[in-house]
Every structure is written in C-alpha cells, then in structure tokens.
Amino acid sequence: MRIALAGNANVGKSVIFNALTGLHQHIGNWPGKTIERAEGTLKYRDRTIDVIDLPGIYSLSSFSQEEDITRDYILNEKPDVIINVVDATALERNLYFTLQLLEMERPLVIALNQMDLANTKGIDINIKELQELLGVPVVPVVAIRREGLTDLLEAAIKMDKKPEKEVRYSEALEDAIRKVEERIKTEKYPKRWLAIKLLEGTAPISIDIEDIKRALEDRISMGAFSYIASERYRVVREIVESVQRIIKPEKSFSEKLDAFLTDPLTGSISLIFFFIGIFALIFFFGNIVSATLEALLLSFFTGDNVLYSLYEGFVAGLTIVLPYIVPFYLLLGILEDTGYMARAAFLADRVMHKLGIHGKAIIPLLLSFGCNVPGCLGCRIMEGERERDITIFLSTLVPCSAISVVVMSAVGRTLGLAYVLLLYALVFVILFVLGRIAYKITPGEAVGLIMEMPNLRKPSISVVTKQTYHRTMDFIEIAFPIIIAGSLFVGALNHYGLIEPIAGFFSPVTEGWLLIPALTGVVLIFGVVRKELTVTMLFTLYGTTELGAIMSAPQMLTFTLVVMLYTPCLSTMAALLKEIGPKRTARIVLFETFFAIALGGIFARVLMLF
Amino acid sequence: MLSENEEEYLEEIYALFEDREKISISRISEAMGVSKASTSEMIKKLSEERLLKHERYGEIELTEEGMNIARNIKRKHRLLESFLHFLGKKDVHNEACKLEHGISEESADALCKFLGAPERCPDDGKEIPRCGKDCSECLKKTLADISTGKETVIFRTLCGRKASMRLNELGLLPGEKIKVVNRMAHGPIEVEVKGTKVAIGYGLAKKILVEECE
Ligand SMILES: Nc1nc2c(ncn2[C@@H]2O[C@H](COP(=O)(O)OP(=O)(O)O)[C@@H](O)[C@H]2O)c(=O)[nH]1
C-alpha cells in the first residue's frame, strides 16, 4: 500500500513523515530535478506501507517544479491514499489546495495538523461538520507530539474510495466545465479536473477549448484563471465560515515578537545583529576547531608520497565540514524553522532589489559566506530561472570562510585590519556592480517578491537536526570526492616535479601581468582545490609564515584580491554542475577567472601610483 | 483626418521633443528608419498643414495644434502598451503602434480609467500624457500607497501573467479585502489575506490597484 503526503509548504508534512517512517527512509532527488524526494516505509499491523512526502506547494497549477512533481505523481503513479496535511491555523489558505486535490479523484484523508497552535490562537474547528462538507475523513493531529497519528493511519488504511462529494462552482463555470468535458477524449486524467485545468490554462495536455473559454470570460468579464481562483475561494470561505469560530483574537507573544522583528527599524537592527553574531561565532569557533583538528589529524601520519595527499584531502574535507559547515547549517536551520528567514527576506528585499533579485536571495548569499557550496545549493529556493541564475552567480563571488582565512592570514597579519576591510569593501562593490550588470543582461521576466510569511514559532529540535544532517550529507557527497581527487592530482604533480614548470608556464600572467612572484602561480592552481591552500602552500613553499618577507604590500593585496575573486573552488564547481549544468558552470568559471586576472593587473598598476 | 503615416511622424517628433533632442530632418529619418528624402517630403507636407514650423536648415518645431495631436497619439500609444502589458503580451510596442491610429477618444479615456490612470508606461517607463480633464475620478491608488494598519480592497492587478496567477492563488483577487500589517519605506509590503500573511515586493505592489475603504 502506498500513501502520499501532500500539502502546502510549512504545514508539518515532514514532521508527520518522520514520525510515521522513523529511520526507514530513503532521501534522494526527483529524476532530473533538484528537489528532494523523501520516501520511507512503515510496518503497521502486519502491513508494509510505503510513504512518500510530496514537495510542499501553494497550489496545483503548474508554476514551479514542486507543483509539477506533486501533480504528476498523484495522477500518474496513483497512490492508494493521499493524506492532505492541513494547517489548522490557516484553514482558508490550506483548503484552497484541498479542493484541487479532491478534483484529482484519489482517495483522500485530511490530517488537520497544528491543532495545539490553533487552540492557543483561539481557533475552534467543528471537525464533524468539516468532514461532512468535504466528504472525506478529517483527523485532528498534533504532529510534533505524535498525537492523532494512529487515528490518521487507521483512517488512511480504511479509505479506499474516491471522494464522494463534488464541489459545485457557479453556474457559469459549471456550464463551461460541462462543455469542455464533452471534448475530452483521453482517459488519462480525471475529466472534471482536466476540464478545469484547461479553462485555467494550466493543463498538462492541450485541447482546443478557446471558444468555450472566451465565452466564459465574456460572461463573467474577467480572466478565467482569476475567476476560477475566486470561485474556489468563495467555496472555501463558505466552508470555513460554517465550521470555524475564532474565540479570542488576542495578540500573542509570538505576534508581538514578530512585530518587533519585522519593524523597519528594530527589525533591521536585529537582523544585522543576528548575522554579525552568527559569523563571529562560526568564524572564531570554526577557526579554532579547524586548526586544532587539522594539526591533530596530520600529526598521526606524515609522508610526502602521492597516497599521503589522499589522506590530506580527506583531512582537508573534514576540517571544513566539522567546524564550519555543521554549525552553520545548524544555526541556519534554527533561523529557518522559527520562520525568521522569511522575516530576513522581507527586511532585505529592498537592498536585494538593487541587485536585481529579491529578498529571498539573502538566504543563499548568507550561506555562501560560510561556504559557497551550500550557497549554490540554496539558490533552489529562488523561484524563476532568472533569479536563480543571478543569485547563483553572485553566490560564487561571496568570500567564503576559506577565503576569509586567506585574507586574515595574508593581509590581516602583515598589513593590519584596515586593509582587510578595504579588500572586503572592494569585493562588495564589485559584487554589486556585477549583480547590476547580470540583472541587465540576463534574459527573462523579473518576478517580484511574493512570499508567504509563516508563523513565528519555537524551533523543533528534531526538524533542525534532521535538516542539518541531510544538508551536511549533501555537502559531503558533492564536495568530498572532489576535494580528495583534487588533492591526489596536485599531490601527483608535486611528486613528479611538475610544479616548477607549471609556475614557469604561468609566469607571464603572474610576474608579467599581476606583478606577483612566479611561485604564486602554483598556489593559485592549488587554490582551485581549496581556497585556503593558497596561503598554507605559500607558507610551505617559502618555509615561512612571514609573508611580508616574500611579497611587498601591493603584491600581497593584488594576490589576495585575485584569490578572492578568481574561479570557484572544485567543490563549488561540482555544486554548480549539479544545479545549473555544464554550460552555465563553464561560463561562470571562465568569466570569473579572466575577470579576476584582468582586474588584478589593473589593481596592481593602480597600487603602484601610491 | 491625418493619415497613419503623418501621425507616426508627429509621434516621433514628439518623442524627440520629450527627450530634448535637437529635431532635424536627419534625426527624424534616423529614428524612423526611413530615407531623408521621404522625411523631408513629409515635413514639408506637415508644415503646409501648419502642424509644424520648419525654416530651411533650421530646427523643426511643432505648432500648438501639432503638439496637441502628437501628444494625444503618444498618450494612446502608451495607454495601449500598458494595456497589452496587462494582457501579458510580450512585444507590446509594435502592436500598440498599429492600434493607436484606430482607437477613438472615448475608448482611450475609458482605457485610461480602466488602468487606474497610470502615470508611466510599463514598457519604457516614460510618462503617459494626461487627457487634460479631471483625473481624480479615474485615479486609483495602488497597494504601495496604503500605510500600515489600513484596510483596502483590491480593484485589479496589472502585473504579468505569472505573478498575477500567484497572487490570485494566494487569495489576492479583485474585491478581496486585505489589511496592510507591515511595510518598509519603498520596500516590501506585508498584507493579511485569507487568514495568513503574505509579503509583496514594492514593484509588484505598485501594480496592484486598490480602492480605499473608510
Ligand atoms: N506547534 C506545532 N508545530 C508543528 C506541528 N507540526 C509541525 N510543526 C512545526 O511546523 C514547522 C514546519 O514543519 P515541516 O514538517 O518542516 O513542514 P513541511 O514544510 O510541511 O514539511 C516545523 O517547525 C514544525 O516544528 C504541530 O502539530 N504543532
């Protein structure tokens, strides 16, 4: 038996999924998509039940990949039962989606989740009546406390017929639906559902019904899509009005906190405060742990053969994941789960708009400060390819924690903090300018911000740890093989004495154009594996950590600027490949490499003027 | 009655005037992509009709009558562009160029009212000339004009198809009463609709026409 969980975003589907399947899960991707596919099994009374968590969505018209996936899965794979998870605190919004599920004519059970929150909000729902009006079982649950889940399972197992009630819309619409139904020959989709989708203009197949649609639009004097949406909401409102009573609409603590956190003044200040705090924490904590860990692990073995570089690569990966990635994901997960990220996006929208993207981009861009890999993966949340492409491009330019290590230990130690800030300021200006340009030249329609603001709430430990775990594994899967293979390759070059010739080969670029020592050419190549290798290798090559003795101040600044801007590291490239394919990845890598070198040369010459 | 061709020339001259460019035969022929010979022939004709003044080798200047006609055509052009944009059409300029010659004054005024008396054309951001009558009756506020704590009713959304659909699905439909719960100056606006909160970017909010309620 197969059960599919479907519902709007943020209703508690994953919590229910986890509670049902426990450890028997398989997390992968939908074929050809970058959207997570979570499947699991559970044993219940000698039965094995497969559960699949469909991506959270707004509605079932084809806009984003999530919605296509859910629709196709339900219609083509025909799960035995659909559990529609509904947020009891936002009944009206959620039932809009329920109506569409009903039209798909699969057996349906409703899990009315977050009943605890509904109670504290003073929302009273007459479940029996709701059940009658919708014609499907409605089970109240509190997923985070596992309340009602057994009842839910029982109801789902018993459910074996398609919904008995049909929602009736206005006469004008019903007329049009009937006429369209007459033209539908295919058996592949439920007739009524397909007819409505054809009228909306979002059907998966095309049948010529333009005349009917036009006649309908003439009759109602508005667009068919808007009209159907308004009809659905009219039906939903009637249902909600008869089943729901709000007892005490009193401002709760979370609403007051929300007002504080999204107030233009206090909100912006807390936003800045939060992020500086997070970075400081990760940075200091990360640096200490990373250094200790590396020293410890490398003290176990020593050697300089090719195999040793394999171990080095492994250590390199570990010293990024444990100190930087895990804590960063953890804090981010907390911010997300509380609903704070939506507030951050709200506050940042105006600034982000100047970069041609909207507020949501703040999330991947912030992630990128930790590491570009999760940053690039995080760009999935941007709806619209255009926004995603611009955000991904900018993410790869954000100086990650590895780059901060370079800047601090090269420039910070020898020239002081003022120069560090100067370099950062310069990179931000460049980011801004390139963002503007990308905005101008990237084709496609700019979609403004439309974002549901979830309720502010206490984070759930299990949701956060689970998410951190999956994200970390995602990172390890992408980055580890590359880091290790890269180290191996570089180790081999070193072993066979190919380093010097390569340095010589690149000397026209390094010595000639960038005006920095030829040996830096080698470390720039190594830096592609991992950015902080650029300095650590310099230390090893010259046998000193006093870079002031090797390079002059302008040389150091040029070198660091190039490191900050040039090609994304190998792990980031792997992430890019996964997200945007080889062509666009190549474009970004080539552009950034040439851009950094060109700019570096100019920068070096400008510095000579001082 | 002027011919379509004459109207096109007047419109182009008006555009050059708007951009404060020097108006000469060569500039006009360049802007319209036609030969200098046919331009100068047309200028001569328009000058005979007293729609513009042209001294030999001097600058071209529209007469008051010519200016009125030209401005009116430009107005129709940009209103039509706004409308086609609303319909979700892509290449709005060329279609508007054809329609502008056929549309009557009454229809243009009605169109202006329908669109909530927009100030600027969504295609090129240029100002839409006013009809000269009292605008207050047609002028609609947009969601971007509503301050925090106020309730308002959606009149119509003028944004692109995709955004429009998304808004519809979130319950932001004509006739829906919504409340602005929070906003940033020139930034996004948070509204309460259907019992949940939705944040809408500033640019989008400017395309949502609303009717104020007391
Ligand atoms: N108070 C309360 N919170 C819940 C309940 N179920 C889920 N949540 C919270 O709702 C948030 C979103 O849940 P999640 O399962 O990630 O939503 P999804 O997007 O539908 O998968 C999490 O922070 C959960 O802790 C519930 O029954 N009561």
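Biologist: What's the split of nonpolar, polar and charged residues in the shell around the ligand?
Modeller: In this predicted model, the shell residues divide into seven nonpolar, six polar and four charged.

Biologist: And which residues are the closest to the ligand?
Modeller: Of the 17 residues that surround the ligand, the closest are A:Asn10, A:Lys13, A:Ser14, A:Asp116 and A:Asp337.

Biologist: Which side chain has an N or O atom 3.0 Å from a ligand oxygen?
Modeller: That's A:Asn113, with a side-chain N or O atom at 3.0 Å from an oxygen atom of the ligand.

Biologist: What about backbone atoms, say at A:Val15 and A:Gln114? How far are they from a ligand oxygen?
Modeller: For A:Val15, a backbone N or O atom sits 3.0 Å from an oxygen atom of the ligand. For A:Gln114, the distance from a backbone N or O atom to a ligand oxygen is 3.4 Å.

Biologist: How much of the ligand's accessible area does the protein cover?
Modeller: On its own the ligand has 580 Å² of accessible area, and the protein covers 90% of that.

Biologist: Which elements give two or more residues to that shell?
Modeller: Helix 1 (13-21) and helix 4 (115-120), both in chain A. Helix 1 of chain A has the largest share, with three residues.

Biologist: Zooming out, where does the ligand lie relative to the domains of chain A?
Modeller: The ligand lies between domain 1 (2-158) and domain 3 (260-607) of chain A, because both of them give residues to the shell around it.

Biologist: Switching to the sheet with seven strands: what's the order?
Modeller: It runs 10(A)-7(B)-6(B)-5(B)-4(B)-8(B)-3(B), as an open sheet with antiparallel pairing.

Biologist: Which strands are at the edges?
Modeller: Strand 10 (450-453) of chain A and strand 3 (141-142) of chain B, each pairing on one side only.

Biologist: How many bridges link strands 5 and 6 of chain B?
Modeller: Four bridges, in the antiparallel sense, between strand 5 (residues 177-183) and strand 6 (residues 189-193). B:Asn182, for instance, has B:Glu190 in strand 6 as its bridge partner.

Biologist: Different topic: helix 8 of chain A. Why is it called largely enclosed?
Modeller: Nine of the ten residues in helix 8 (residues 191-200) of chain A are buried, so the rest of the structure largely encloses it.

Biologist: Which charged ones are on that buried list?
Modeller: The buried residues include A:Arg192, A:Lys197 and A:Glu200. A:Trp193 and A:Leu194 are also among them.

Biologist: And what follows helix 8 of chain A?
Modeller: A:Gly201 comes next, with a positive phi near 85 degrees.

Methods
Residues numbered from 1 in each chain as written. Chains lettered and ligands numbered in written order. Predicted model: local features only at pLDDT ≥ 70, side-chain atom pairs only at ≥ 80, totals over all residues. Heavy atoms only, no water. Near = heavy atom within 4 Å. Polar contact = N/O pair within 3.5 Å; in protein donor to acceptor, adjacent residues only side chain to side chain. Areas by Shrake-Rupley, 256 points an atom, 1.4 Å probe, with all protein chains shown as cover. Nonpolar A, V, L, I, M, F, W, Y, C, P; charged D, E, K, R; others polar. Domains from an automatic or database assignment. Pairing = 2+ DSSP bridges. Buried < 20%, exposed > 50% of the residue type's maximum accessible area, 1.4 Å probe, protein only.
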